[in-house]
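Let's take a walk through this structure together. Keep the model open beside the text and turn it as we go.

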Amino acid sequence: MTDTLTTASNTAGIAQERRVLTAIPGPKSLALQERRLAVVPVGVSSALPVFIERAHGAIVVDVDGNQFIDLGAGIGVMTIGHTDDAVIAAAAAQLGEFTHVMFTITPYEGYVRVAELLAEHTPGDFAKKTVLLNSGAEAVENAVKIARKYTGRTGVAVLDHAYHGRTNLTMAMTYKAMPYKLGFGPFAGEVHHAPNSYPFRDGLSGADAAARTIAYLEKAVGASDLACLVAEPIQGEGGFVVPADGYLPALQEWCTANGIVFIADEIQSGMARTGAYFASEHFGVVPDMVLSAKGIAGGLPIAGVTGRAEIMDASHPGGLGGTFAGNPVAAAAAIAVFDSIESRGLLAEAARIEGVLRPALLALQRKYDVIGDVRGIGAMLAIELVRPGTTDPNPAAVSAITAYAAQHGVLLLSAGTWGNVIRFLPSLAIGDTMLAEAIGVLDEAFASL
Ligand SMILES: *Cc1c(COP(=O)(O)O)cnc(C)c1O
C-alpha cells in the first residue's frame with residue numbers, strides 16, 4: 001500500500017508525512033485551549049490539547065500546521081482512514097437527499113441495508129436482526145434491555161477491566177472508577193463484576209480462568225438470575241487484554257447451558273480492526289449478540305446491536321428506537337465502510353500492519369526492559385509497561401513516552417486499568433513507511449526515558 005492517498009475532498013493536498021513546525025501545542029492551539037477552558041467543563045479533558053483542522057488517511061493536521069501520524073484513529077474509529085473518498089461521497093449524497101425523518105415514523109432503505117450487512121458479517125449462520133443506535137453506550141444499554149426482556153431475568157455479568165461506556169448502566173458495567181465512575185453514582189443495580197482472563201497478570205490457562213469466572217458468578221449471583229454476560233473479545237480501554245485460548249468458548253458454553261445471553265461488545269475490536277470483521281472469529285465464539293459502533297461509519301455516529309432473531313424480537317413493537325438512531329447520513333457512511341472493506345481487501349491490511357508492528361514492538365521489548373508484554377491481534381496491538389524486572393505497572397513511563405511522541409509528531413493512546421499500556425490502533429490506510437517512521441520515534445522515546 002502506498003503512502004500517497006487521493007481524495008475528492010479539500011484534504012487531498014495533505015501529504016502522508018509527519019511534520020513538526022512549532023512547539024506542541026503550537027500558539028494557535030494554545031489560544032483555542034484558553035477559549036475552550038472558559039466554556040467547556042474540565043470533565044471533558046483532552047489527551048493532547050492540539051486543535052485539529054484537517055485530516056486525511058493516517059495524518060491529522062493541527063491549526064498550527066503540524067502533521068501527526070495518527071496511531072489512535074480516534075480510538076479505532078477511523079479504521080478505513082480519515083476523509084475517505086467513498087465515505088465522503090456516500091454521506092454527501094445522502095445529505096442532499098434527506099438527513100432525518102426518524103426510522104420509527106417513516107423508514108428508509110439505508111437502515112435496512114446496514115442491518116443486512118451486519119447480519120452478513122457478524123459471526124453465526126442463523127437469522128439475525130439489528131437495532132441501530134447513536135453510540136456504543138446506547139448499544140450496550142439496548143443489548144441489556146433486550147436480553148432482560150428475552151430471558152425474564154435481571155442480572156448482568158461483566159468482566160474485570162471491562163469498559164462499556166459512560167451512561168448510568170454502562171458506568172455500572174465499566175470496571176475502572178477513575179476517571180469513569182468516581183462520584184457519579186448511584187449506579188444501576190444487578191451488575192456483577194467477575195474476574196477476567198489476563199494472561200500477563202494471572203498466568204492462568206483459558207480453561208482455568210473460565211472456571212474462576214464461572215465459579216464466581218455461580219457463587220455470588222447464581223446462573224439462573226443472569227440475563228446476559230457481556231464481554232469484549234479483546235478488552236479495549238482495559239489495555240487490549242487478549243484472553244487465554246479457550247476462555248471465551250468456555251464462557252459461551254456455560255452461558256448457553258444456563259440460558260444466559262452471551263453478548264460480545266465488539267465496539268472497539270470489531271469492523272476489520274483485527275483482520276476479521278469481528279474479533280470473536282479469532283476465538284471461535286459465535287455470540288448471541290454482537291455490538292458495534294466505533295469503526296462502522298468512518299466517524300459518523302451510529303451503533304448496532306445485532307443478534308439472534310428470536311432474541312432481538314423479544315421486545316414488543318415500539319420498545320426500541322431513538323430520535324436520531326440509525327441516522328440516514330451515518331447509515332450511508334456505514335454502507336460505504338462495509339463496501340470499502342470488501343472492495344479494497346482491508347481485512348488483509350490489518351494483517352499487514354500486524355506484520356510490521358508486532359516484530360518491531362517485540363524488538364523494542366528486547367531492547368527496553370520496561371516493556372513487560374506485547375499483545376493484540378491485527379491493527380489492535382499494545383505494549384504493557386512495567387517497572388523493569390517486575391510486573392508492577394509503570395504509568396509514568398507511558399506518560400513520558402506518549403508526551404515524547406506527541407512532541408515529535410506521533411499520536412499515541414494510553415490504556416489499561418493502571419494507565420500503563422500504550423495501544424496501537426492505526427487506520428488500515430497507514431502505509432509501511434509511516435509505520436516505520438512512527439516506530440523510529442517510539443524507539444527514540446524509550447531511549448530518552
Ligand atoms: C468506546 C466503547 C464503548 C462506548 O462507546 P461510546 O460510543 O463511547 O458510547 C463501549 N464498549 C467498548 C468496548 C468501547 O470501546
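**A guided tour**

F240 is buried, with a relative accessible area of 0%. Before we look around this residue, please keep in mind that the model is predicted. You will find F240 in the loop between β7 (226-231) and α9 (247-257). Its backbone deserves a look too: phi of F240 is near 55 degrees, a positive value in a residue that is not glycine.

T83 makes a good companion to F240. T83 is not a glycine either, yet its phi is positive, at about 40 degrees. This threonine sits in the loop between α2 (73-76) and α3 (85-97). How does T83 stand with respect to solvent, buried or partly exposed? T83 has a relative accessible area of 25%, so it counts as partly exposed; the cut-off for buried is under 20%.

While we are on the backbone, let's visit two peptide bonds. I24 and P25 are joined by a cis peptide bond, with omega at about -5 degrees. P25 belongs to the segment before α1. The second cis bond to visit runs from G185 to P186, and here omega is near 5 degrees. P186 lies in the loop between α6 (168-173) and β6 (191-194).

Now let's move to the ligand. Which residues are found around the ligand? They are S135, G136, A137, Y163, H164, E232, D265, I267, Q268 and K294. By character, this shell divides into three nonpolar, four polar and three charged residues. Several polar atoms come within reach of the ligand. A ligand nitrogen is 2.7 Å from an N or O atom in the side chain of D265. An oxygen atom of the ligand lies 2.8 Å from an N or O atom in the side chain of Q268. With G136, the partner is in the backbone: a polar backbone atom of this glycine is 2.8 Å from an oxygen atom of the ligand. How much of the ligand's accessible area does the protein cover? On its own the ligand has 380 Å² of accessible area, and the protein covers 82% of that.

From the ligand we turn to the nonpolar interior. In soluble globular proteins, nonpolar side chains tend to be buried together. In this model, the largest nonpolar core has 92 residues. M289, V305, L385 and F446 are the residues with the most contacts inside it. Which helix gives the most to this core? That is helix α12 (residues 328-343), with nine residues. The core also draws on two domains, taking at least three residues from each of domain 1 (27-70 + 345-448) and domain 2 (88-343).

Helix α12 is also home to I341. I341 counts as buried because its relative accessible area is 2%. Try tracing from I341 to S224: these residues are 117 apart along the chain, and their C-alpha atoms are separated by 40 Å.

Just ahead, in the loop between α11 (309-312) and α12, we meet N327. At 18% relative accessibility, N327 counts as buried, because the cut-off is under 20%. What does the side chain of N327 reach? It reaches the backbone oxygen of T99, at 3.0 Å.

T99 itself lies in the loop between α3 and α4 (109-121). With a relative accessible area of 39%, T99 is partly exposed. From T99 you can also look across to A210, which is 111 residues away in sequence and 46 Å away in space, C-alpha to C-alpha.

A side chain also reaches a backbone atom at S29, in helix α1 (residues 27-39). The side chain of S29 reaches the backbone nitrogen of F51 at 2.9 Å. S29 has 0% relative accessibility, so this serine counts as buried.

Our last stop is T256, in helix α9. T256 has 55% relative accessibility and therefore counts as exposed, since exposed means over 50%. From T256, look over to I353: the two are 97 residues apart along the chain, with 35 Å between their C-alpha atoms.

Conventions
Residues numbered from 1 in each chain as written. Predicted model: local features only at pLDDT ≥ 70, side-chain atom pairs only at ≥ 80, totals over all residues. Heavy atoms only, no water. Near = heavy atom within 4 Å. Polar contact = N/O pair within 3.5 Å; in protein donor to acceptor, adjacent residues only side chain to side chain. Areas by Shrake-Rupley, 256 points an atom, 1.4 Å probe, with all protein chains shown as cover. Nonpolar A, V, L, I, M, F, W, Y, C, P; charged D, E, K, R; others polar. Core = buried A, V, L, I, M, F, W, Y, C linked by side-chain atoms within 4.5 Å. Buried < 20%, exposed > 50% of the residue type's maximum accessible area, 1.4 Å probe, protein only. Helix = DSSP H or I, 4+ residues; strand = E, 2+ residues; numbered from the N terminus. Domains from an automatic or database assignment.
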